[in-house]
Structure formats: structure tokens, C-alpha cells
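Please walk through this two-chain model with attention to how its contacts are counted. The account begins with the contact between the chains and then turns to the interior.

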Amino acid sequence: VDANTGQLADLSVSRSTFDFGAVFRSEYKRMTGVISRIIGDPARAEELAVEVFCRLWRRPNVQGPKAGGWLHRAAIRLALDELRRRSRREKYEALFSVFRPQSTPEQIHLLTEKQRQVRATLSRLNRRDAELLLLRNDGLSYHEIAEVLDLNPASVGTLLSRAQKAFRQRYLKLYGQQD
Amino acid sequence: MANKTEQSNIDRWVDDRLANLQTPESHPDIESRLRQVEHKERARRQRRRAAGWTALSLAAAFVVVLSFPSARTRAQFVFRRIALKGIQIVGVRPDIYSAFIFEWTVRPTPAHMVTGPDAAAREAGYIPSLPDWTMVSQPVPSFGIGVMGAGAGRYLIRVSDLRAALKRAGATDVVVPDAWDNVQIEMDMSPTVYINARGFILIQSLPPHVTMPEGFALAAFIEALLRVGGIPAPQARAIAQRIESPGALLGLPADAQIETREIQMRSGTGVLIENATGRTPPAGCVLCPGPRDVELAWQTASRTYILKTDLNEARAVAVADSLP
């Protein structure tokens, strides 16, 4: 109920000055992209991004200047969880089809196969390593990664190196040196 | 140097593979997705509120059960039916229930949400007071409103039960006269209106009324009850004597570890209830203040109010004072 008009109100207004609607409009598409890149399913990514924002809604303590970082981390975690679920179900081929009209059938096959392999590898890494790699690949600086993952900025480089080695080892173990 | 080169190669190798994850740009319908979030959260909040109303109903019933006029009103018993004014807050052990028998003669309809203040006024029979929301937050919050129906009940004192409860509480110094046996005190209360926004709960009702036999030593009875509830003798006596006008007594679970102090408000004296331990209150105790909550209980000429909020004390008092 809107306090001014007595009418049912827009629930995007929270108690504090945090403008949920504005944050949603500015960040939703980006979060959908972050999730979609990880799980390779744009439609499902939109649903998961909605869930990310529902979680933000319920967390007044993160509704502030750091909301962007929190959203990014939550989106990656939700996407990795989804990836693991899918990995368990072993339905990669059906789920990871990303068709590009301009691509030849061979390119499509090559691309989706590589995506499948990368996603399968990510789903087998520990979550912190996968988060580090994905945040770095999203273009975040060490300082930003530290903020999002609540790490000491000085240790990000070391942790990232370990994560890269872990990724490489896991990938090669699963698929060998293909190129 | 070799290590650096190797790391650089790994870095590039990993980046090459992760680059495969690029997907076509999507164009989600942002406004419809925003509405989806709002709808989901509205439904979730309604489910939570429904649970909250149930707990609040129990809390309100507790207020009723422990509402008695004070000693100083005995002179007014010629009127027999009196309105309760003022409120005292104590942390009590549940054993207090065993000290008397209570039965509803008119059981209140459970608290339920209504569509807005007008609907609440129709159900409650009075116009609910709304705070000046601009003092609560900017932008003004959305809020829910609910009503619990009117109720009436009867307390029956059994001397044997009261003595046994006092014994269990170790309050063997309290004398319970035989004349209290089978004394009945009748209570009726108006519908209660609940207003709930994020970090904000306001409960209001018209002052309850009680009817009791003339000459009943109510202050002594209240003191005995408080002793059953685990309140030390000096404090129990002080509370019983400090109720200067007919007053309601709000009992919260003793393990809530509350602290109370009187504060000056526009309408007179109110009670500020604070969390003494910094710990989360017992599960299910909606009216127990959390570590960051401020809780106020006060009365005006026409209302009994309880406000629980995460605003600071000064703002909570200002909001409270904005109520008629």
C-alpha cells in the first residue's frame, strides 16, 4: 500500500534510499549476459538473473554502493551451481547448443564442442577457482575481484595463477592437448 | 624468468579457452522481468506476513492475558468497567500461565491481511492511525496492513494453582489469601490493527477494558504473578506499584533478555524496550527486539501502540509522536 496514495504500491521501492528498479534496469541485462556466458542458455540465464535480483531484494545489507559487485558474484555462483547440476545430468549436447547463423556447420560444431569442454571443466573446479577465472575473464581488475570475492587484493594474483593452473590441468586431463 | 613465461603462457592458454564462452547478445524484456521479481517477492512477503500475523496474534493474546488495572484504580471500581491506560513491559517465564485459568468468551478472529487502511477501518471499527511515512524513510515504503478481531476473555484465579506456581518459582514469601479463590476478572479488547513495512511493525488497538470484583487486591495479585514469571521481589513490587493508572502489562519471554526504560513522548511517558544481549531474539517472538531494533510501547487518549523498528531511537520516537 502506498503511504501517500493508499493504493497498492510499486514494490520496487525499498525502505532505504536504494532504488531497486533503477539498479535492476541498469544491471539485469549485464547479469543475464554473465550467466548466459557460463551456462550457454540465454533463456535460462534470464530466469536465473531474476533469481539473483530476488536475492538482492531480500538482502537490505547489500543494497548500496557495493550492490554491483554482489550481483556479479551472485550471478556467477548461481550460474556455476546450474552448470554443476547440468553436469550431473550429463546433458551437455542438448543444453549447450548455441547457434550462430553466420557460422558454418563445422564452425558450430567446433565452437559448441569447445564451449562444452570449457563448461565441463569449470563445473569440476572448486567454486572459488571458477569464480576467479570468470571474474577475471569478465575484465575485472585484481582490486575489483578482491572486492567482489572479499579477498585481500595482494593475494588475488597468486590465487588466480593457481586457479589457471587448476583449470589447465583439469582440462588437459579430460580432453588432452587438442591444439 | 622461466616461471614468469610459463605463467604467462598458461594465462593466455586459459584465456583462449574461456573466450569460447561468448554467446550471442540477448535482448531480455527488462520491464517484464522486473515485474516478475516484484510479483515473486510480493508473494513471498505475503507468505511471510501470514506467518507473522499468526505470531503477532499470539503476542497480542499474551498482552490480553496479562492486562490488568493497577492498584490505584481500585477506588474507581465503583464503575466496575474501566479502560486500561499506560503499559508496563516485563520479561516473564511461561509458567505465569499456570497461575490462573484463562478462557476466551469471544475468541478473536485470527489476524489477516486486508487490502488497505479503509478495509482495516471497516473491520476494526476505528480508523487506524498511520505514521508520517516520510519520517520512516525516503522514498516512502510500501506497507501491509492486517486486522485481528475483537475478543473477550475471563481470568479465573485458583488459589491452589497460584500457590503451586509461586512455589515452583521459589517465591515462597508471597502470601496468597484464600479470598482470591474463584475470583473472576473479565477483559474485552478491541480489534487490533497491524501495520508492517520493511523494518517496521506498528500495532494498535483501542484501550482494553476490564471488569472485576470490588475490593480485589489487584496490586498484590500482579506482584504475585510477576514473581511466578521470574521477576525478583523488589522489581515485582515496584512494577505493581508504578502502574499509576489502569495499565496493561506486556509479557515477553524471559529468555529475550530485554531491558526497559521510560522515555518522554508527546503523549506522555512511553516505554523503550531494548535487546540487552545483542543476540537474536527467541524464534517466533515477533515483539522481542532484535539487536538493532528499537521497540516502543505507549498510550494516547485513544490508542495503545507498540512500535518495533530498525530506525534509531530519536527517529523512532519522532515517528511515534507523529501518531495521533
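A salt bridge is a side-chain nitrogen of Lys or Arg within 4 Å of a carboxyl oxygen of Asp or Glu, and three of them are counted between chain A and chain B. This is a predicted model, in which local features need pLDDT of at least 70 and side-chain atom pairs count only at pLDDT 80 or more, while totals for chains, interfaces and linings use all residues. Residues are numbered from 1 along each chain as its sequence is written, chains are lettered from A in the order in which they are written, and side-chain values use heavy atoms, with hydrogens and water left out.

One salt bridge joins R25(A) to E31(B), with the closest N and O atoms 2.6 Å apart. Contact, meaning heavy atoms within 4.5 Å, links 56 residues of chain A with 45 residues of chain B. The area buried between the two chains, that is, the accessible area (1.4 Å probe) lost on putting them together, summed over both, is about 4,800 Å², and carbon and sulfur atoms give 61% of that area.

In the interior, the largest nonpolar core has 58 residues, and F53(A), L56(A), L122(A) and F167(A) have the most contacts inside it. Such a core is a set of buried Ala, Val, Leu, Ile, Met, Phe, Trp, Tyr and Cys residues joined through side-chain atoms within 4.5 Å, where buried means under 20% relative accessible area (1.4 Å probe, protein chains only). Apart from this core lies another, of 30 residues, among them I145(B) and W298(B).

Conventions:
Buried means under 20% relative accessible area, exposed over 50%, partly exposed in between (1.4 Å probe, protein chains only).
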